[in-house]
Amino acid sequence: MNHRLHLKLEQLERATERLLASAEALGPDSAKAPATGQWSATQVVHHLLFIETNIIQYIQKKMQSEELLPKVGLYTRLKARFVRLLLRVPGFKFKAPRGVATLTDTGDVPTLPELRETWLASRRQLERLLNEFPGRQINRAIFPHPRSGKITIGQVMDFLLDHLLHHQQQVGRITKALRPTAPVLAKS
C-alpha cells in the first residue's frame, strides 16, 4: 500500500473508533433522535457506513477496467479542498445527495453493535482495495464526488475522514441535546 494511503487509513480508523465510542456511550439513547426530523447517533453511524460502503463498491468496479483513468484538473483539486474546508466548519450543513439521506431517514437502521461489525468488515475491504490499488492510477480520477467532481483515491480518503469528522460534531450535538450534563468525548 502507498505510504500516504496507509497513513490516511490509520487516521480514518482512529476517527471511526472515536465516533463509534461516542455513539455507544449514549447506550439505549443512541437510537433516539434529539428532536423531530433529526437523526439519532445510530442513524449518523448508519449514514457514514452507507457512504463508505458505496464508495468502496464503486472504486472496486472502476478498478476492474484496465483503462488508464483521467487526470484530475486544477479546478477539481480546488473544489475538493473547498469541500474539505466546509466539512470542517462547525455547524455547517450540506444537503445530502438524493437517495443518501432518504435511506437513513427510513428508520430501518441496524443496531450499533451490528453497524460496528459491518463497518469492521467494510473497513477490511477498504484496506484490501488500498493494498491492491495500482500505483499508476494513484493520481488519477477514480471517484465522482457529487460536490468536488472526479477525485483521486487520496482525495477519497481525505473525504471519508473529513465526512466522518463532520458527523462526529453532529454526534457531539446529539449527545449534548440528549444528556446536557454528560461530558462529550473530546477529539484527539
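Buried, as the word is used in these legends, means a relative accessible area under 20%, whereas exposed means over 50% and partly exposed covers what lies in between. The model shown in every view is a predicted one.

**View 1. Overview of the predicted fold, with its helices and strands.** The protein contains six helices and two strands, and these elements follow one another along the sequence in the pattern α-α-α-α-α-β-β-α. Of its 188 residues, 42% count as buried. Among the contacts in the protein with a separation of 6 or more, 82% are accounted for by residues that stand 24 or more positions apart. The structure also holds 11 salt bridges, and several of them are taken up in the later views.

**View 2. Thr152, in the loop between strand 2 and helix 6.** Thr152 is found in the loop that runs between strand 2 (149-151) and helix 6. Thr152 has a relative accessible area of 5%, and because the cut-off for buried is under 20%, Thr152 counts as buried. When its neighbours within four places in sequence are left aside, Thr152 is in contact with Val72 and also with Ile138, Asn139, Arg140, Ala141 and Ile142.

**View 3. Lys150, in strand 2, and the residues it touches.** Lys150 has its place in strand 2. Not counting residues up to four places away in sequence, Lys150 touches Val72 and Thr76 as well as Ala141, Phe143 and Pro144. Val72 and Ala141, which appear here as partners of Lys150, are also among the residues in contact with Thr152. The C-alpha atoms of Lys150 and Gly73 are 9.0 Å apart in space, although the two residues are 77 residues apart in sequence.

**View 4. The packing of helix 1 against helix 2.** Two packed helices are described by the angle between their axes together with the distance between those axes. Helix 1 (residues 3-24) packs with helix 2 (residues 41-63) at an angle of about 155 degrees, and their axes are 9 Å apart. Because angles over 145 degrees count as roughly antiparallel, helix 1 is described as roughly antiparallel to helix 2. The crossing of these two helices is left-handed. On the side of helix 1 the contact is made by Leu12, Leu19, Leu20 and Ala23, and on the side of helix 2 by Ala41, Val45, Leu48 and Glu52. Sorted by class, the contact of helix 1 with helix 2 comprises seven nonpolar residues, no polar ones and one charged residue.

**View 5. The packing of helix 5 against helix 6.** Helix 5 (residues 112-132) and helix 6 (residues 153-178) pack at an angle of about 155 degrees, with a separation of 12 Å between their axes. That angle makes helix 5 roughly antiparallel to helix 6, and the crossing of the pair is left-handed. Trp119, Leu126, Leu129 and Leu130 of helix 5 meet Ile153, Met157, Leu160 and Leu164 of helix 6. The residues of this contact divide into eight nonpolar, no polar and no charged.

**View 6. Glu13 and its salt bridges with Arg123 and Arg124.** Arg123 forms a salt bridge with Glu13 in which the closest N and O atoms are 3.6 Å apart. Arg123 lies in helix 5 and Glu13 in helix 1, so this pair ties together parts of the chain that are 110 residues apart in sequence. Arg123 is buried, with a relative accessible area of 2%, whereas Glu13 is partly exposed at 27%. The side chain of Glu13 also meets that of Arg124 in a salt bridge, at 2.4 Å from N to O. This second pair likewise links distant parts of the chain, with Glu13 in helix 1 and Arg124 in helix 5, 111 residues apart. Arg124 is partly exposed, with a relative accessible area of 28%.

**View 7. Arg84, Asp162 and the salt-bridge network around them.** The side chains of Arg84 and Asp162 meet in a salt bridge with an N to O distance of 2.4 Å. Arg84 lies in helix 3 (residues 74-88) and Asp162 in helix 6, so the pair ties together parts that are 78 residues apart in sequence. Arg84 counts as partly exposed, at 30% relative accessibility, whereas Asp162 is buried, with a relative accessible area of 0%. Both residues belong to a network of salt bridges that links Lys8, Arg84, Arg88, Asp158 and Asp162.

Methods
Residues numbered from 1 in each chain as written. Predicted model: local features only at pLDDT ≥ 70, side-chain atom pairs only at ≥ 80, totals over all residues. Heavy atoms only, no water. Axes fitted to C-alpha atoms, helices over the stretch in contact; angles between N-to-C directions. Helix = DSSP H or I, 4+ residues; strand = E, 2+ residues; numbered from the N terminus. Parallel < 35°, antiparallel > 145°, perpendicular 65-115°, else oblique. Left-handed = near helix turned anticlockwise from the far one by under 90°. Contact = heavy atoms within 4.5 Å. Nonpolar A, V, L, I, M, F, W, Y, C, P; charged D, E, K, R; others polar. Salt bridge = Lys/Arg side-chain N within 4 Å of Asp/Glu carboxyl O. Buried < 20%, exposed > 50% of the residue type's maximum accessible area, 1.4 Å probe, protein only.
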